[in-house]
Amino acid sequence: MWYGWAYLETLFIGSEEVKKELPVDAERFVGIDVDVKKVLKDISSTKNAVKACSTDPEIVKKLESTQSKLEMCEKSLANYLEQKRRIFPRFYFVSTSDLLDILSNGNDPAKVNFHTDKIIAAISTLDLIGGATSSDRPSATGFESSVGVENIPLPKPFKIEGRVEHYMQAIINQVTNALRECLKVSNANFVKDSTEVWVKREPNQIILTTSLTFFTIKMEETFTAIAAGDDKAMYKMWQFKIEGLTGLIDLVRTKLTKAERMKIMCLITLDAHSRDISKNLMDGQVTERTQFEWQSQLRFEWRDKENDCYINIVDAEFTYSFEYIGNGARLVITPLTDRIYVTATQALKLKMGCAPAGPAGTGKTETTKDLAAMMAVCIYVFNCAPEMDYRSLGDIWKGLGASGAWGCFDEFNRLIAEVLSVCSTQYKCILDSLVANRPTFTLDGAELSLNVSVGAYITMNPGYLGRTPLPESLKALFRPVTVVVPDFALICENMLMSEGYTQARLLGVKFINLYTLCGDLLSKAKHYDWCQTEIPKSVCHSVFTR
Ligand SMILES: Nc1ncnc2c1ncn2[C@@H]1O[C@H](COP(=O)(O)OP(=O)(O)OP(=O)(O)O)[C@@H](O)[C@H]1O
Ligand SMILES: [Mg+2]
């Protein structure tokens with residue numbers, strides 16, 4: 001009971017919002033507060049709970065009635081927060097105390113600004129102007145990245161008005177629109193501007209998307225040329241990509257700001273993949289655009305008519321979601337990454353989840369996050385623990401289904417069996433609505449609107465100690481994909497390339513050989529970690545301290 005009281009005290013006594021919205025319960029809590037403090041004071045001299053209660057039988061009765069009153073307060077608070085969360089589903093992923101802080105400062109966007117990264121993870125703060133007087137609300141003119149350094153202006157200032165649960169959604173829409181405009185402009189200027197000017201001007205995710213869009217256009221042209229009888233078309237494409245990549249590697253060696261360097265490094269990472277695709281297609285003598293080797297790649301397309309960016313992979317089509325990603329590093333795309341992308345997107349098309357399973361440190365979580373970044377979808381990663389109960393999972397599912405975000409449940413099989421089986425029912429509610437094309441889904445008695453971009457991923461280390469086998473009902477909802485150790489030589493090569501090395505392939509292989517030899521020949525002491533997942537980190541370290 002003590003914990004319940006201490007927790008609620010900060011909310012009911014400390015929060016003006018709660019006092020205003022739940023006056024009856026706030027008053028009830030004042031009574032509880034007096035009672036609890038009195039009991040604590042009375043028994044503080046005894047310093048022994050059993051003795052204190054046995055001397056005065058009234059204390060136990062008093063505590064019992066306080067407990068039931070506390071539960072009533074707790075319930076009304078939960079109901080109140082649930083209402084707000086239903087209006088703006090991303091609040092499901094904000095802790096109770098943060099949410100109360102947001103709600104109580106709803107009229108003061110400058111104070112809510114502090115919490116922006118809890119709503120859109122890659123945004124640290126909004127740039128606000130005006131709002132000096134209490135009656136005047138400020139306007140947002142742009143936003144700052146919390147992942148890497150980046151500032152993006154909004155097309156026009158947006159006045160933050162209304163209740164916080166409403167303007168939060170409006171802010172997300174503003175960010176989406178700003179990015180859509182950026183992508184449109186970037187696509188239009190890609191051919192006109194020099195790479196250097198273009199890279200420095202546009203945001204990271206827009207550069208990468210534009211680059212991939214033009215790669216798709218070029219590849220389509222190549223297939224048309226092959227059909228017209230040009231045998232060397234794919235070879236020319238490969239050479240074109242190598243030239244582009246060499247240009248970028250030269251550029252990364254010039255004097256750049258940290259933010260610019262990060263953008264070019266990401267561009268090199270993705271361009272290296274494009275280069276490898278054209279090489280593989282050439283080696284495999286792929287001549288038709290309908291062949292699987294090309295179909296299984298993420299193909300980006302900007303459609304002017306719809307003013308939207310589309311992503312095709314095999315027979316699945318998605319729209320680019322324009323969630324802000326920030327200016328962070330991207331993973332190297334290996335054949336394993338490609339395989340996970342195909343399975344995950346096919347799962348989405350089939351209205352299922354995806355379950356990457358494999359040994360620790362093979363990139364399951366990171367690859368899932370990277371796919372979300374590619375498609376600009378909001379993703380939440382949850383570290384599953386045996387302590388999680390079905391109620392907290394229910395809230396997560398409600399949040400995911402209603403906001404259309406992706407959820408990546410790390411170490412999913414650490415949840416206990418009972419929770420796992422309830423979890424399968426909860427996820428099935430969402431999937432059933434998706435399959436039936438219903439606009440809403442019902443979970444825990446609550447009907448919420450359904451956002452069709454919702455996705456779920458569960459990553460697991462099968463066969464590890466303390467892991468629960470998944471129930472069959474749950475397995476049926478997820479497409480499995482086996483993850484093995486990635487091609488670290490390729491990862492190493494790419495990382496060296498993005499640091500400015502042109503002879504990266506040879507160097508990458510040498511690095512891996514060195515690591516394997518060290519692991520085999522040197523002492524097996526615990527503090528020597530020759531695990532290959534460490535290689536990317538040590539490559540970066542050696543390069544940055546050179
Ligand atoms: N394609 C890749 N490009 C770059 N680095 C990678 C790639 N794949 C894996 N890594 C490296 O492997 C590390 C581990 O990845 P991640 O945390 O996703 O593994 P995991 O499979 O989820 O492991 P666990 O089972 O322990 O959760 C990453 O930090 C990253 O450095
Ligand atoms: Mg993981």
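A residue is counted as buried if 20 or more other C-beta atoms lie within 10 Å of its own C-beta atom. By this criterion, buried residues account for 37% of the 546 residues in the protein chain. The model is a predicted one. Its C-alpha atoms fill a box of roughly 95 × 60 × 55 Å along the principal axes. The secondary structure of the chain consists of 22 helices and 13 strands. Of the contacts between residues at least 6 apart in sequence, 67% join residues at least 24 apart.

The domain assignment divides the chain into domain 1 (2-87), domain 2 (96-188), domain 3 (195-303), domain 4 (333-482) and domain 5 (488-544). Where domain 3 touches domain 5, the contact draws eight residues from domain 3 and five residues from domain 5. On the domain 3 side, two or more residues each are given by helix 12 (233-252) and helix 13 (258-283). Helix 13 supplies the largest share of that side, four residues. By residue class, the domain 3 side comprises five nonpolar residues, two polar and one charged.

In soluble globular proteins, nonpolar side chains tend to be buried together. The largest nonpolar core of the model holds 135 residues, of which V175, L179, L267, I268, M375, V377 and I458 touch the most other members. When residues up to four places away in sequence are left out, L179 touches I206, F322 and Y324.

Ligand 1 is surrounded by 18 residues, and A360, G363, K364, T365 and E366 come nearest. Helix 16 (residues 364-375) makes the greatest contribution to this shell, with three residues. The shell is made up of six nonpolar, nine polar and three charged residues. Because both domain 4 (333-482) and domain 5 (488-544) give residues to the shell, ligand 1 lies between these two domains.

Within domain 5 (488-544), C492 was examined individually. C492 is part of helix 20 (residues 488-498). The residue is classed as buried because 25 other C-beta atoms lie within 10 Å, against a cut-off of 20 or more. C492 and K510 are separated by 18 residues in sequence, and their C-alpha atoms are 9.7 Å apart in space.

Strand 5 (residues 308-313) pairs with two other strands, strand 4 and strand 6. With strand 4 (residues 299-303), the pairing is antiparallel and runs over five bridges. R299 has N312 of strand 5 as its bridge partner. Four residues lie between the strands in the hairpin of strand 4 and strand 5, where N307 takes a positive phi near 55 degrees. The pairing of strand 5 with strand 6 (residues 316-319) is likewise antiparallel, over four bridges. Here the bridge partner of I311 is F318 in strand 6. The hairpin of strand 5 and strand 6 has two residues between the strands, and V314 takes a positive phi near 50 degrees.

In a regular strand the side chains alternate between the two faces of the sheet. Strand 5 has a covered face formed by C309, I311 and I313, and an uncovered face formed by D308, Y310 and N312. Of the bridged residues named above, I311 belongs to the covered face and N312 to the uncovered face.

How values were computed:
Residues numbered from 1 in each chain as written. Chains lettered and ligands numbered in written order. Predicted model: local features only at pLDDT ≥ 70, side-chain atom pairs only at ≥ 80, totals over all residues. Domains from an automatic or database assignment. Contact = placed C-beta atoms within 7 Å. Nonpolar A, V, L, I, M, F, W, Y, C, P; charged D, E, K, R; others polar. Core = buried A, V, L, I, M, F, W, Y, C linked by C-beta atoms within 7 Å. Buried ≥ 20, exposed ≤ 12 C-beta atoms within 10 Å, placed from the backbone. Near = placed C-beta within 6 Å. Pairing = 2+ DSSP bridges.
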